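Morning, everyone. Let me put the model up, and then we'll walk through it.

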Amino acid sequence: QMQLVESGGGLVQDGGSLRLSCAASGRTSRSYTMGWFRQAPGKEREFVAAIVRSASTTYYGDSVKGRFTISRDNAKNTVYLQMNSLKFEDTAVYYCAASPRYSPRVPTEYITWGQGTQVTVSS
């Protein structure tokens with residue numbers, strides 16, 4: 001089965017940047033839409049970003065538009081999330097996920113999930 005492992009999380013000051021990585025194994029990720037979701041304490045999991053197989057189309061949640069950028073390197077079987085201008089409200093566990101279907105904003109369409117990486121933004 002396909003497995004996903006996130007990395008790159010950590011503690012950053014308000015206004016800083018982090019780059020998250022999601023490494024896929026077991027299967028190549030190039031045949032999947034790849035997405036990032038996040039979940040903060042006391043809140044539901046929310047959509048952050050997604051990128052289609054061709055990497056020509058991306059999707060973003062309203063709260064991160066203009067600040068986050070999703071990209072993928074199919075040769076490395078890795079997806080990235082560049083996070084700039086981080087805010088306290090971005091503090092959450094960030095999850096990478098893979099979907100064989102074209103429903104990038106819908107969590108139930110993703111069949112494989114990583115275990116998450118913590119991002120903490122301090123003031």
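A disulfide, for today, is a pair of cysteine sulfur atoms within 2.5 Å. Keep in mind that this is a predicted model.

So, which cysteines form a disulfide here? C22 and C96 do, with their sulfur atoms 2.0 Å apart. The structure holds one such link. The two cysteines come from distant parts of the chain, 74 residues apart. C22 sits in strand β3, residues 18-25. C96 sits in strand β9, residues 92-99. The link of C22 and C96 is left-handed, with -80 degrees about the S-S bond. Buried or exposed? C22 and C96 are both buried.

Next, the nonpolar packing. The largest nonpolar core has 28 residues. Five of them touch the most other members: M34, W36, L81, M83 and Y94. Which elements give two or more residues to this core? They are β3, β4 (33-39), β5 (46-51), β7 (68-73), β8 (78-83), β9 and β11 (117-122). There is also a second, separate core, made of seven residues. F47, A50, Y59 and Y110 are among them.

Now the open sheet. It has four strands, in the order β1-β3-β8-β7, and the pairing is antiparallel. Which strands are at the edges? β1 (3-7) and β7, each of which pairs on one side only. On average, neighbouring strands in this sheet are turned by 15 degrees against each other, direction ignored.

Let's go across it pair by pair. β1 and β3 are joined by five bridges, antiparallel. There, Q3 has S25 in β3 as its bridge partner. β3 and β8 also run antiparallel, with six bridges between them. L20 stands opposite L81 in β8. L81 came up a moment ago, as one of the core residues that touch the most other members. Then β7 and β8 pair over six bridges, in the antiparallel sense. D73 is matched with T78 in β8.

On to β11. This strand has two faces. T117, V119 and V121 make up the covered one. Q118, T120 and S122 make up the uncovered one. What does β11 pair with in the parallel sense? β2, over four bridges. In that pairing, T120 of β11 is the bridge partner of L11. β9 meets β11 as well, but those two run antiparallel, over three bridges. There, A92 stands opposite V119 in β11. So V119 lies on the covered face, whereas T120 lies on the uncovered one.

A quick stop at G10. G10 belongs to strand β2, residues 10-13. Why do we call G10 partly exposed? Because its relative accessibility is 25%, and partly exposed runs between 20% and 50%. What does G10 contact, leaving aside neighbours within four places in sequence? L18, Q118, V119 and T120. By contrast, N77 is 67 residues along the chain from G10, and their C-alpha atoms are separated by 22 Å.

Last topic: charges. How many salt bridges does the structure hold? Five. R38, E46, R67 and D90 are linked in a network of them. Start with E46 and R38. Their closest N and O atoms are 2.7 Å apart. E46 is partly exposed, with a relative accessible area of 32%. R38 is buried, because its relative accessible area is 5%, under the 20% cut-off.

R38 also meets D90 in a salt bridge, at 2.8 Å from N to O. This pair links distant parts of the chain, 52 residues apart. R38 is in strand β4, and D90 is in the loop between β8 and β9. Both R38 and D90 are buried.

Compare the salt bridge of D62 with K65. Here the closest N and O atoms are 3.2 Å apart. D62 is exposed, because its relative accessible area is 67%, over the 50% cut-off. K65, at 49%, is partly exposed.

To recap: one disulfide, between C22 and C96. A largest nonpolar core of 28 residues, plus a separate one of seven. An open, antiparallel sheet of four strands. And a salt-bridge network of R38, E46, R67 and D90.

Terms used:
Residues numbered from 1 in each chain as written. Predicted model: local features only at pLDDT ≥ 70, side-chain atom pairs only at ≥ 80, totals over all residues. Heavy atoms only, no water. Buried < 20%, exposed > 50% of the residue type's maximum accessible area, 1.4 Å probe, protein only. Core = buried A, V, L, I, M, F, W, Y, C linked by side-chain atoms within 4.5 Å. Pairing = 2+ DSSP bridges. Axes fitted to C-alpha atoms, helices over the stretch in contact; angles between N-to-C directions. Contact = heavy atoms within 4.5 Å. Salt bridge = Lys/Arg side-chain N within 4 Å of Asp/Glu carboxyl O.
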